[in-house]
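Work through the exercises below with the structure open. Try each task before you read its solution.

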Amino acid sequence: MQLAGKVESCWVASAPETHYPRYEQADRCDVAIVGGGIVGLTSAWLLSKAGYAVTVLEARKIGQQVTGRSTAKITAQHSLIYSHLIETLGLERARLYGEANHCGVELIVALATQLDIACDLERKNAYAYTHEPRRMSAIEAEADAARSLGFDARVVAPAPLPFATAGALEFTHQAQFNPAKYLVGLADAITRCGGRIFENTRVGNVKRRPGGKSWRIESGRHHVDAEGVVVATHIPMWTPIPYDKRMRARCHTAMAFRTTSGAIDGMFIDVDQPSHSLRMGQDGDGPLLIVLGPSFPNGNDGDVAARFERLERWVRENVSAAGEVVWRWVNEDYDTADEIPYAGALTGEAAGMYVASGFNGWGISNGTAAAMLIADQIQGERNPWRTLYNPRRRAPTDFNPGGDTQSRVASVEDIAAGAGGVIEQGKRKIAVFKDSQGKAHAFSAACTHKGCTVTWNNADLTWDCPCHGSVFSCDGQVMHGPATDPLAPARVPNSSG
């Protein structure tokens, strides 16, 4: 199946390239940060400015992973979150959540301005809209909840969109940007402030040094020793808390269409199901309409390409200004049971380790707030969001139901060129990918995290774990954790399976 558009985030495609070295030494620092996304680099900047010696280790390239594949809305309006939080967690925690995310929004805007980062930053209003008149009462309740927490929120009817809606909740003075450009600029500022950044440096282990006073972060044969370590990966690894059981991975399809400037004005998310999200953006060739499709459990769909087809069809039916598909990609998020991220300091045997994850699809503002919290904790300063984001709080340990592969095929002959499938060989399952020339490449289909059988993603050409969200490239290399090791090579099954 041939899908329209290049397989890449429009943000990453239009961001400057980075050329930080691989970490190949043995050294020390005050704080080691694992992960070069919005949490890792924001905390690195705040700590570098405070005089800490900081080392950032990024497994791939700065800004090109989850942050660089988001819709990049800088907003404290998270659909209908505030009425839900007031009802389930109480007014005070809802207030703290609103405050944290408002501060996250404003820090991004301030840093982009003060550091002169060219990241297409624009102030925009954010809207949560509905097609259904019966849902307007929920919109109105959310507006009341948001206003009670200090937000400038109001109900508009209809929403300012080119298709029919019943109305929307509007938050004024929010923002949007190119997140990859922002992180590239922030990384440059970190190095100018004395911080060190390394790319293509996959961390294999984080462990206590003898004596238990500091940490050793290992990458291959090399290591860095640090008094503190921030695990700013997509999902925390090497921690005593099993976050893989406390969070659930989900994905979205995203597409960027060539369009005219001002095709829509604002950032929009549908509170109905199936939900869609829209905003304007741009690449090097001009304006883009960015549209996100409904979410689905990672690795639990055997035909992701069909989701792109449905998303394009929805856009064609609803937005006449949408032109050709230029870019398309899949992004992954982790959800928590209470819709609050896990962020901050661990204790006991993990004292000196800090984590941030589970942003429920709102990682730009939440991730920035998490970095602010972590930077305060490392400096010994009190932060009012500590109890809200508490990464040690009690949580259900069976929130992630897992899943099974959606890619079983009978034999190698059933796999077309450019596609993949999982073949059963007795108790073993073999993941087979055929390249464009039809040559078969085989790997164990067991995810190297906990052994779940991976599913072939026929849109991104990746192997996705349906249990805990690990993603591997078509040649078995780790793209997202919690897995840290590649899929094991295997012998290509013969035609009899």
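The exercises go from the whole chain to one helix and then to ring pairs. Keep in mind that this is a predicted model.

**Exercise 1. Check whether the radius of gyration of the chain agrees with that of a compact globule.**

Solution.
- Start with the length: the chain has 497 residues.
- A compact globule with that many residues would have a radius of gyration near 23 Å.
- The chain has 22 Å, which agrees.
- Add the outline: along the principal axes, the C-alpha atoms fill a box of roughly 65 × 60 × 45 Å.
- Add the burial: 59% of the 497 residues are buried.
- Now take the contacts with a separation of 6 or more. Residues 24 or more positions apart account for 70% of them.

**Exercise 2. Test the span of helix H6 (residues 179-192) against its number of residues.**

Solution.
- The chain has 10 helices and 26 strands. H6 is one of the helices.
- Count its residues: H6 has 14.
- At 1.5 Å a residue, H6 should span 20 Å.
- Its end C-alpha atoms are 20 Å apart, so expectation and model agree.
- Look at the start of H6. There a side-chain oxygen of Asn178 comes within 3.0 Å of the backbone nitrogen of Ala180.
- Look past the other end. Gly194 follows H6, and its phi is positive, near 105°.

**Exercise 3. Decide whether H6 is largely enclosed, and find what its buried residues pack against.**

Solution.
- Use the cut-off: buried means under 20% relative accessible area.
- In H6, 11 of the 14 residues are buried. Among them are Tyr182, Leu183, Val184 and Ile190.
- H6 is therefore largely enclosed by the rest of the structure.
- Its buried residues pack against helices H1 (10-13), H2 (38-49) and H4 (91-114), and against strand S8 (196-198).

**Exercise 4. Classify the ring pair of Tyr23 and Phe198, and say what it ties together.**

Solution.
- The whole structure holds 12 aromatic pairs.
- In the pair of Tyr23 and Phe198, the ring centres are 4.9 Å apart and the planes stand at 90°.
- Planes over 60 degrees apart count as edge-to-face, so this pair is edge-to-face.
- Place the partners: Tyr23 is in the loop between H1 and strand S2 (26-34), and Phe198 is in strand S8.
- The pair therefore ties together parts 175 residues apart in sequence.
- Check burial. Tyr23, at 1% relative accessibility, counts as buried. Phe198, at 6%, is buried too.

**Exercise 5. Which residues do ring pairs link into a cluster?**

Solution.
- The cluster is made of Tyr82, Tyr97, Phe151 and Phe171.
- A ring can also face a charge: the charged end of Arg328 sits over the ring of Phe308, 5.5 Å from its centre.

Notes:
Residues are numbered from 1 along each chain as its sequence is written. This is a predicted model: local features need pLDDT of at least 70, side-chain atom pairs count only at pLDDT 80 or more; totals for chains, interfaces and linings use all residues. Side-chain values use heavy atoms; hydrogens and water are left out. Helices (H or I, at least four residues) and strands (E, at least two) are DSSP runs, numbered from the N terminus. The expected span of a helix is 1.5 Å times one less than its number of residues. Buried means under 20% relative accessible area, exposed over 50%, partly exposed in between (1.4 Å probe, protein chains only). Contact means heavy atoms within 4.5 Å. A polar contact is a pair of N or O atoms within 3.5 Å; within protein, one must be able to donate a hydrogen and the other to accept it, and residues adjacent in sequence count only if both atoms are side-chain atoms. Rings of Phe, Tyr and Trp (its six-membered ring) pair if their centres lie within 6.5 Å; planes under 30 degrees apart count as stacked, over 60 as edge-to-face and the rest as tilted. A charge sits over a ring if NZ of Lys or CZ of Arg is within 6 Å of the ring centre and within 35 degrees of the ring normal. The radius of gyration is taken over C-alpha atoms; the globule rule is 2.2 Å times the number of residues to the power 0.38.
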